[in-house]
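Me: Please take a close look at a single part of this structure, the protein surface that faces the nucleic acid, and describe it in one connected answer.

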Amino acid sequence: MSDSKQDLILQGLNDAQLEAVTTTEGPLLILAGAGSGKTRVLAHRIAYLIRSYGVNPASILAVTFTNKAAGEMKERILGLLAGASDQEGEEAQLHVMPGKAPKGQVPAMGTFHSICAQILRREIQHLNRANNFVIFDTLDQVSVIRDLIKELSPHSSFAPRAVLSAISRAKSDMQDASEYARQVDPNYFTDLVAQIFPRYEQALKANEALDFDDLLVLTVELFENNPVVLAKYHGKWQYISIDEYQDTNQVQYRLAKALAREGHNICVVGDENQSIYGFRGADIGNILAFTKDYPESKIIKLEQNYRSTEPILQAANAIIQHNASRSNKELWSARKSGDKPLIYEALDETQEAKYVIDQIKNMHNSEKIPYEQMAVLYRTNAQSRAFEEACISHNIPYRLVGGVKFYERKEIKDLLAFLRYIQNPEEKVSFKRIVNVPPRGIGTTSLREMLDWAAQVGGLKQAFGLLRDSQSLDDIPINSRGKNALQDFAQMLASWEEIYRTCNILELFDAILDSVNYLSYINDGTDQAQDRFENIQELRKVISSYTEYGPVHGLTIFLEESALLTSVDEADFHQDAITLITMHAVKGLEFEVVFLAGLDEGLFPHSRCLDSEKELEEERRLCYVGITRAKTWLYLLHTQMRTTWGETSPSVTSRFLTEIPEELVEYDSFDEDIAPARSAYGIALPPKQPLTSGQKDLQASKQTSKFKEGQKVRHKSFGLGRIVQIKGEELSVVFEKAGLKKLLESLAPLEKVDSSQ
DNA sequence: AGCGCTCAGCTTTTT
DNA sequence: GCTGAGCGCT
């Protein structure tokens, strides 16, 4: 180890960062504000451990928030160790995941879920479960729960997803079905959940499947009940770091605790102000409890922000000030000068998108900002649509993060189901999906008969064996037509299983495509067919990168990694394109230019969070996360009206916007009384275009009302407000104190207010 | 058995 | 305004 290389690792760090990097022994809590260089610190710290302490890389475990982050950190560390410069602009390597690490000694890195999956793949037999378990994604879970609801409460109208999230919440709090039933407030809904919960767990077991929560829960169970296995991993991982610790839930917390053995070389990094996953059980309490759990722990605060300009930070700080509970860190930036955040009020979401795209074009052409340095952030995935359409019509390249995921598309799920079923022949969700795809004459009746019979003879695998080999098929209780079709299917299965055992995953994939004629099944002559075809080619390309693992193992690794990809992992960051992304998924990323769209009450903060102060504060932290993604330019957007589910209704400016003092922001051509979007209205919607019913109403209303939209008014009891929409007699008015009210013009005690006052 | 049409629910956020 | 479950027709 040369001094110059060690210098490189410590070079360019500020005092606090330096201390964090060189504090290697004992528990360490790093409170790292947004943009304070925590990723850099973590990478340098690991490089330092290896280079200066001679720690074996294989005895280091780093838990990251996405697999992409793990890949990037791995690159950085390798760069540092190789003596390369650690400057920005490293190529992010996609699909670098723990299972695919090159041979040799490397740290274990990945999300909690992917690390646990790997542990369970080796150890789950200690819990009497099958090693070839499949991982159920949300759609698989919903399908199981839908069946159970139908069975247990055929006429109930509860959404499977609501039941699922109740179960998932319980599991991430380490409650099993009976504990849930004991502890929950009984009502009609929770009674149903309590009934479904144990059946759902049984169904998973019967399918030899694990859901996302199981990966964590079972690993904790394994560690807490099996000292020998735990000792093995204690021996393996001496140095542990966990990123985004403020977003760990109860299971993850228990996992971290179990792993940090006597040496307590555990380093956690987090920021209370960026805790945004409370809805899935994350508990800020975990980061606060760290110093209690480890009394000898050291705390280091990183308070210098290297990312954003001071005006952007001021806006972020102004908003977070409104949270009663917040961390007392004061972020500061050396980038003192810069543009203030720019607020723009659009007429509706279409105009909002148009404005954003115009600005993006502008920035790209005149400021020479590459597209990849610009991002549009929003609260809900549904908002992406308007931006996608605007990008398409203005020829702006974009990448959509999240939304309908690649691996959730029908054709991809189909083909994955074939692979999954081959890996695990007892898994019925996949089986049901593929048994009649493409249609081969196995309908609901035959399927039911097959499943019933399989249950009697000891499982699907057994049943298919009998179907192939049996001398007297007459004994098999399936109608003859279905039986023939199932027999043919059994033959196909047998040939795939042979290929599975002897050939690589690509050969298996091609054999399936070929023997079921999947491509011609997909090709129905519609526009979608081409998309589907391309998706299949894309899938084939991904699969071809797993051939090196050989038979059996290649399929296991591929299925595991594809199931555990995060939305950020899935996105292609290689081309110069703007990013469309939710504020949840954007955590950890940064851009020169950030557009925060949809700052309307009910959307952001979301209506479901309005009646709980706790959830409202989480929304505010989400806003803080969004703002602090911006390095140099920040746009804050809201609308006057918005269309959801084909219904147009007036919007109310988000409280988050009004929480920023006026002197900290600027307005884009915003006139106090006549909003700019109104003047753009005529230009943007020439009469040639067909009008929606809402717009027609708006037009019609203009002649009859004595008020104008945008008009300031005073109401006898509600006080000052502004008219946002006129539909005939009905006025929608947003009051400063009372919020949105719908009033009848002929009855409401309303008077115009002079705009000059 | 399989296709196509209609209607309902949907949108918080994610592994 | 979209997806997908369910029903009815062939």
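Reply: What follows describes the surface near DNA strand B. This is a predicted model, in which local features need pLDDT of at least 70 and side-chain atom pairs count only at pLDDT 80 or more, while totals for chains, interfaces and linings use all residues. Residues are numbered from 1 along each chain as its sequence is written, chains are lettered from A and ligands numbered from 1 in the order in which they are written, and side-chain values use heavy atoms, with hydrogens and water left out.

Around DNA strand B there are 29 residues, of which Arg379, Asn381, Asn436, Thr566 and Arg608 come nearest; a residue is near a strand if one of its heavy atoms lies within 4 Å of it. By class, this surface holds seven nonpolar residues, 15 polar and seven charged, where Ala, Val, Leu, Ile, Met, Phe, Trp, Tyr, Cys and Pro count as nonpolar, Asp, Glu, Lys and Arg as charged, and the others, Gly among them, as polar. Helix α19, which spans residues 444–457, gives the most to the surface, with three residues; helices (H or I) are DSSP runs of at least four residues, numbered from the N terminus.

On the DNA side, 57% of the strand B atoms within 4 Å of the protein belong to sugar or phosphate, and the rest to bases. Among the polar contacts (pairs of N or O atoms within 3.5 Å), a polar backbone atom of Thr444 lies 3.4 Å from a phosphate oxygen of DNA strand B. A phosphate oxygen of that strand is also 3.0 Å from a polar side-chain atom of Thr582, whereas His584 places a polar side-chain atom 3.3 Å from a base oxygen.

Methods:
Polar contact = N/O pair within 3.5 Å; in protein donor to acceptor, adjacent residues only side chain to side chain. Helix = DSSP H or I, 4+ residues; strand = E, 2+ residues; numbered from the N terminus.
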